[in-house]
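User: Could you take a close look at one part of this model for me, the protein surface beside the DNA? I'd like to know what sits there and how it is built.

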2 protein chains.
Amino acid sequence: MNQRLKTMAENRAKLILAARKAFAEKGYAASSMDDLTADVGLTRGALYHNFGDKRGLLAAVVEQIDSEMAAHAKKARAKAGDGWQGLLAEGVAYIELALDPEVQRIVLLDGPAVLGDPSQWPSQSSCLESTKLIVERLIAEGTLKQIDAEAAARLLNGAALNAALWVAASAAPQDVLPKAVAAFSALATGLLKAPA
Amino acid sequence: MNQRLKTMAENRAKLILAARKAFAEKGYAASSMDDLTADVGLTRGALYHNFGDKRGLLAAVVEQIDSEMAAHAKKARAKAGDGWQGLLAEGVAYIELALDPEVQRIVLLDGPAVLGDPSQWPSQSSCLESTKLIVERLIAEGTLKQIDAEAAARLLNGAALNAALWVAASAAPQDVLPKAVAAFSALATGLLKAPA
DNA sequence: TAATTTAATATACACGCCGTATGTATGGTA
DNA sequence: TACCATACATACGGCGTGTATATTAAATTA
């Protein structure tokens, strides 16, 4: 088979892996591309050929992490069913995901600053889209109030992410997590037509 | 009177003003300290003497904008009274404030990435504190459910900020703003003990 | 299989920016 | 008036990015 494509894919994977580590530990700005590439036995030549520039590498990293997050959230939702409980479960899953330092630093802090508004990212918007679809169905079912589905989906995600940041930055995350989840659930019930 | 302190204060103000402009337009990373200081007839010497480093300048800028935001939100709340309506009004005020590109870029994007978690900033935490106080009073009054006041305050602020980012990034902000406000209000009613 | 072409990666260079160390000049003070 | 402190300017070193050129290894074709 094609040898070149294979090694190229391997090199891309190696660079992304090293970048996840470096970006998470030192932050995007403080990560040297020379060091990063040298760590995996390459030079900046490979990097600029594969990703265009430093931002391109960050975008690739963000996309990877983001898709992992979406998969995780989707699994959590599936476990809780496709109705109201599923929507709640997805939000809670996001909160828990953002406890990961990699997610915090790369996706929540540096990502927006360097790449711009997350809702424009292809990966995030897919996740948002799925949330929006559930909301739309629940509205049609009469479970939720008649509000703009996209607005509701965005604010739910936003609240969840913010809760996650709070939990992550706190001194005792395991104590704060349940409070955050409780507050999130309470807020979410505001969308219900007939409150629980 | 003391001439030196006066000119120093003037220079600080000039630098902060120029930084607000540069950071808002080009972003923090792309703003050159040489250019910035030259714009106001100074050199980096003045900057590093007054603010320590580039981050220090950003911190000063963020603090200034942040305090302006807090003042604005407080005023909006006062106008709507000190109860539940005031809490809502404060959230809506935040959403509207974040339509300002300066606020978006500096406070919401670059600020967290460079300075770290916003809840640690002295200015923001003061605003959060005031929200928390209202929530606590409303809980004591029996207006709100028995939930953690800090959690509720944080998620409210988080949802509002996220709504603002969405509105700001949209093609037709004036159309999206009412949807965001409606969704925010709906979410917030989830905190009420007896839903409206 | 040998020559040729393609392209993935390495190397080398130019430029800009930050932070610091040192110099200078002006305002306060005795 | 002479001295000192300090706010600011100047000069320097180092690092990091992005790009242009070179090299090497794989794929293709005859």
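Analyst: Happy to; here is a walk along that surface, one DNA strand at a time.

A word on the ground rules: this is a predicted model, in which local features need pLDDT of at least 70 and side-chain atom pairs count only at pLDDT 80 or more, while totals for chains, interfaces and linings use all residues. Residues are numbered from 1 along each chain as its sequence is written, chains are lettered from A and ligands numbered from 1 in the order in which they are written, and side-chain values use heavy atoms, with hydrogens and water left out.

Let's start with DNA strand C. It is surrounded by 22 residues, and the closest are Asn11(A), His49(A), Gln3(B), Arg44(B) and Tyr48(B); a residue is near a strand if one of its heavy atoms lies within 4 Å of it. Of the atoms of DNA strand C that come within 4 Å of the protein, 68% belong to sugar and phosphate.

Some polar contacts (pairs of N or O atoms within 3.5 Å; within protein, one must be able to donate a hydrogen and the other to accept it, and residues adjacent in sequence count only if both atoms are side-chain atoms) can be picked out here. The side chain of Asn11(A) has an N or O atom 2.4 Å from a phosphate oxygen of DNA strand C, and for Tyr48(B) the distance to a phosphate oxygen of this strand is 2.4 Å. The elements giving two or more residues to this surface are α1 (3-26) and α3 (44-51) of chain A, along with α1 (3-26) and α3 (44-51) of chain B; helices are DSSP runs (H or I, at least four residues), numbered from the N terminus. The largest share, 5 residues, comes from α3(A).

Now for DNA strand D. Here too 22 residues surround the strand, the closest being Gln3(A), Arg44(A), Tyr48(A), Asn11(B) and His49(B). Sugar or phosphate supplies 67% of the strand D atoms within 4 Å of the protein, and bases supply the rest. Phosphate oxygens of DNA strand D lie 2.7 Å from a side-chain N or O atom of Thr43(B), 3.0 Å from one of Asn50(B) and 3.3 Å from a polar side-chain atom of Lys54(A). Two or more residues each come from α1, α2 (33-39) and α3 of chain A and from α1 and α3 of chain B. On this strand, α3(B) gives the largest share, 5 residues.
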